[in-house]
Amino acid sequence: MIPLDFPIIQRALIGSILAGLLTGLVGVFIIRMKLTSSSFCLSHAAFAGAALGITLSLNPLSMALIFSAIIASIIGPVADKAKLHADIIMSITFPLNMALAFIFITLAPSVSQLTGEFTTILWGSVLSMDINDIAILAIILLVTTIVFYLLWKEFFSIMFNKMMAEADGINTKFFVYLAIFIIGIVVTLSLKLVGGLLVFALLVNPASTAFQFLHELKKIVILSPLIGAATCAAGLILSLFLNWPVGACIVMISTLCFAISVFLSPKRKRG
Amino acid sequence: MSIHKEVILKIENVSTVYEGERKPAIKDINLTVNVGELIYIVGPNGAGKTTLLETINGLLPYIKGRVFVFGMDLQKNGRKIRSRIGYVPQDFMVEPDEPFTALDVVLMGLYGKLGLIAKPTNNDVDKAYRVMKLLGIEDLAKRPIGKLSGGQQQKVMIARALAKEPEILLLDEPFSNLDPKSREMVISIIKNLNDHGLTTLIVTHDIKSIIENCRRIVIMMDGRIIADASMNEAKRIFEYSTFHTHVYL
């Protein structure tokens, strides 16, 4: 039996579902816009930001958000300046973030404080979610959904073909920058659920699973968040049953879903 | 009595260089197009025909000269101009598993015109269906575009450009994947639209598919316009020069 009457479990379950919806939604844009490096790049930007926060005795999550937002804001313009795809710039920024994190760790006053904070950021700690974390996740989910709904046709066109979207008069640069910025915020807020090392699966797996079953992006963008929420909830429940780490259980379930979807996909059937 | 011809496109001394290259893909191009003209741009592979079209709609920045479309400077009003131009790129093929239906792609042609936040209305969907019907592909509306044949995909891209109700139509090798019957149909549609005043520029290396409305042929070679001729003049050029071998091949 899952002790659902415990507030800590209720918060963890709600937090998991919200994070699953959020990452499942954003994952569709990550895959279609070929921004898969964003998850590890921006999660490590958050890691560096949190390290800086601890070093300066500031709130680590706030600093993680700020740092991640700054990195997310400069990736697009740098990619345009360098005439390289944003994914390559993110691959270049990823080790830079790691390097900065190590430097900030070196400068931190207390090693014991660092260990606890970094464990949370690296591996997640969904059971430590408080009501504020859930409120923030809910607000970001709402805002992200509204932004993507209102600007759907522009993103939709870019996700089909960026050059043709530009040829139709759409400001493709702006929308790519906006997508990277949103991804940065979402990645940072998801760290508490699965941590920086596992968030990649949460962003990519649900959307990849949905792509196996559907031919229309409009349907995929609805199915992917549902898969994300279901796998997060299932992963949490599995971790409670087996007393295994939550993040790891979520990733296991999510990957299993993708593996099954590949075998069951109607796209692979002929005749 | 002189008929006043309104200029819709003016290219003045324009050169375009691809990134990382020194030699301009097109150089010192001068071209004036009036409203309602139908112009063929012909030349061998690598002559600069596609570069010229991409320069006209601002997808490729030019390094020298000036381009005015609808009386506006292209460098300052690129997106506004592009939202009024229909463009069919060369050999546009979609991967089989792309999650977009043919109708989705045709409707996208309208998106640049609708403005931010605005959603396509039922009228817009009807418009997309009408254009698809015109091209004989309305039955394919709900099919994934990646599952369609090359010719069907080409018709979808033409429908996308036409759904936009453009003021200038830029077609880059629009007949390359079409069977003879489809080619005749598309030619007939373009002719009909041109009869109604749609300015059209068609890039091709195959002048066998010439449309009877065409009064002007621009011949390109090595990035330059080497002739801007009437149909009869162009025919003489093809007959008495070595250009025709390059143009047909």
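**Salt bridges, chain contacts and a buried strand in a predicted two-chain model**

A network of salt bridges links A:Glu166, B:Arg79 and B:Arg82, a salt bridge being a side-chain nitrogen of Lys or Arg within 4 Å of a carboxyl oxygen of Asp or Glu. The model is a predicted one, in which local features need pLDDT of at least 70 and side-chain atom pairs count only at pLDDT 80 or more, whereas totals for chains, interfaces and linings use all residues. Residues are numbered from 1 along each chain as its sequence is written, chains are lettered from A and ligands numbered from 1 in the order in which they are written, and side-chain values use heavy atoms, with hydrogens and water left out.

Over all chains, the structure holds 17 salt bridges. Within the network named above, B:Arg79 pairs with A:Glu166, the closest N and O atoms being 3.3 Å apart. This pair joins two chains, because B:Arg79 lies in helix α2 (residues 74-82) of chain B and A:Glu166 in helix α8 (residues 162-167) of chain A. Helices (H or I, at least four residues) and strands (E, at least two) are DSSP runs, numbered from the N terminus. With a relative accessibility of 32%, B:Arg79 is partly exposed, whereas A:Glu166, at 14%, is buried; buried denotes under 20% relative accessible area, exposed over 50%, and partly exposed the range in between (1.4 Å probe, protein chains only).

A further salt bridge is formed by the side chains of A:Asp168 and B:Lys164, at 3.0 Å from N to O. Here too the pair joins two chains, since A:Asp168 lies in the loop between α8 and α9 (172-194) of chain A and B:Lys164 in the loop between α5 (150-163) and β7 of chain B. Both A:Asp168 and B:Lys164 are buried. Within chain B, a salt bridge connects B:Lys64 to B:Asp28, with the closest N and O atoms 2.5 Å apart. Distant parts of the chain are linked by this pair: B:Lys64 belongs to strand β4 (residues 64-69) of chain B and B:Asp28 to strand β2 (residues 26-34) of chain B, 36 residues apart. B:Lys64 is partly exposed at 35% relative accessible area, and B:Asp28 is partly exposed at 32%.

Between chain B and chain A, 6 salt bridges are counted. In this interface, 34 residues of chain B are in contact with 31 residues of chain A, contact meaning heavy atoms within 4.5 Å. The area buried between the two chains is about 2800 Å², of which carbon and sulfur atoms give 60%; buried area is the accessible area (1.4 Å probe) that two parts lose on being put together, summed over both. B:Arg79, B:Pro99 and B:Tyr111 supply 22% of the area that chain B buries against chain A, more than any other three residues.

Strand β8 (residues 199-204) of chain B is largely enclosed by the rest of the structure, because 6 of its 6 residues are buried. Its two faces are both covered, with B:Thr199, B:Leu201 and B:Val203 buried on one side and B:Thr200, B:Ile202 and B:Thr204 buried on the other. Strand β3 (residues 38-42) of chain B runs parallel to β8(B) and is joined to it by 5 bridges; strands pair if DSSP finds at least two bridges between them. In this pairing, B:Tyr40 stands opposite B:Ile202. Strand β7 (residues 168-172) of chain B also pairs with β8(B) in the parallel sense, over 5 bridges, and B:Ile168 stands opposite B:Thr199. From β7(B) the chain passes through helix α6 (residues 180-195) of chain B to β8(B) in a right-handed β-α-β crossover, that is, with the strands pointing away from the viewer, the path from the first strand over the helix to the second runs clockwise.

In chain A, A:Ile250 is located in helix α12 (residues 246-264) and is buried at 0% relative accessibility. Residues up to four places away in sequence being left out, A:Ile250 touches A:Leu193, A:Val194, A:Leu202, A:Thr231, A:Cys232, A:Gly235 and A:Leu236. One of these contacts, A:Cys232, is likewise buried, with 0% relative accessibility.

A search of the whole structure finds 0 disulfides over all chains, a disulfide being a pair of cysteine sulfur atoms within 2.5 Å. The sulfur of A:Cys232 is too far for a bond, because the closest cysteine sulfur, in A:Cys257, is 11 Å away. A:Cys257 is partly exposed at 28% relative accessibility.
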